[in-house]
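Please open the structure in your viewer and keep the selection panel at hand. The stops below go from a single loop residue to a set of paired strands and then to the ligand.

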Amino acid sequence: MSGSSTHQGDPGSDDTTAFPDQFFERVDESPDSQFYQFPRLVTHIDDATIAALTAFYAEFLPAGMRVLDLMSSWVSHLPDTAYRHVAGLGMNAEELAANPRLDERIVHDLNAEPRLPFAERSFDRAVVAVSIQYLTRPVEVFADLARVLEPGGRVAVAMSHRCFPTKAILAFRALPPQERVRVVGVYLHAAGYVDVDFVDRSPPQADPLWIVTGTHSGD
Ligand SMILES: C[S@@+](CC[C@H](N)C(=O)[O-])C[C@H]1O[C@@H](n2cnc3c(N)ncnc32)[C@H](O)[C@@H]1O
């Protein structure tokens with residue numbers, strides 16, 4: 001799980017979607033609105049890893065696209081590229097207000113309501129950066145994300161190794177990295193995405209960067 005820009009194929013294609021008991025349990029099951037009520041204007045990966053994520057986005061997010069940054073905060077790590085529209089959905093209004101790349105800011109708890117507050121076919125691309133471990137209903141979220149993506153639209157889920165331990169689901173605290181990557185592949189397959197793929201963009205001697213992508217087939 002290390003090295004620069006290694007392509008490692010489809011994770012999760014041969015798994016079942018029956019998640020074990022307690023898979024999505026968290027130490028802190030209080031409403032997420034409490035945990036995120038105060039802004040955290042910090043970064044969650046180090047500078048080299050942010051640069052690697054931005055370089056990946058420069059390939060994944062062509063200019064002129066409508067981009068949804070799910071589980072967004074005050075930084076979206078986007079390249080210096082002109083997009084038609086960038087929407088950010090997260091838990092804290094102050095964090096989103098401080099994000100200069102967002103044209104639209106939505107406070108919305110995906111664990112309380114996995115349906116996204118956007119119209120059908122609103123976006124061409126969606127990204128989830130270093131946050132997937134906090135979703136307790138990920139297959140529902142990704143299934144509804146397909147509704148708000150254009151057919152052929154793509155999603156990228158970027159992961160690293162830090163987390164708020166009390167808010168991460170048990171699976172992400174217990175499983176090793178390659179299994180966490182496979183779990184995200186299972187989420188995307190279960191939600192109907194195709195061309196599910198994995199790349200390792202970890203820079204040397206920095207926080208790792210593992211990215212799973214999928215495409216909304218239009219079915
Ligand atoms: C570790 S931060 C990452 C923020 C940003 N994506 C980044 O790359 O720096 C986790 C983010 O997940 C979001 N989040 C956590 N639980 C959420 C939930 N239930 N619904 C929507 N967003 C959530 C929070 O708003 C928070 O900004």
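Begin by selecting Gly192, which sits in the loop between helix H6 (177-190) and strand S7 (193-200); helices (H or I, at least four residues) and strands (E, at least two) are DSSP runs, numbered from the N terminus. Residues are numbered from 1 along each chain as its sequence is written. The model is a predicted one, in which local features need pLDDT of at least 70 and side-chain atom pairs count only at pLDDT 80 or more, while totals for chains, interfaces and linings use all residues.

Is Gly192 buried or exposed? Gly192 is partly exposed, because 15 other C-beta atoms lie within 10 Å, where 20 or more would make a residue buried and 12 or fewer exposed, with C-beta atoms placed from the backbone. Leaving aside residues up to four places away in sequence, add Ala143, Ala146, Ser217 and Asp219, which Gly192 touches (C-beta atoms, placed from the backbone, within 7 Å).

Next, select strand S3 (residues 85-90), where five of the six residues are buried. Strand S2 (residues 66-70) pairs with S3 in the parallel sense over five bridges, pairing being called when DSSP finds at least two bridges between two strands, and Arg66 stands opposite His85. S3 also pairs in the parallel sense with strand S4 (residues 104-107), over four bridges, and there Leu89 has Ile106 as its bridge partner.

Finally, select the ligand, which is surrounded by 18 residues, the closest being Ser73, Gly90, Met91, Leu110 and Ala129 (C-beta atom, placed from the backbone, within 6 Å).

How values were computed: Contact = placed C-beta atoms within 7 Å.
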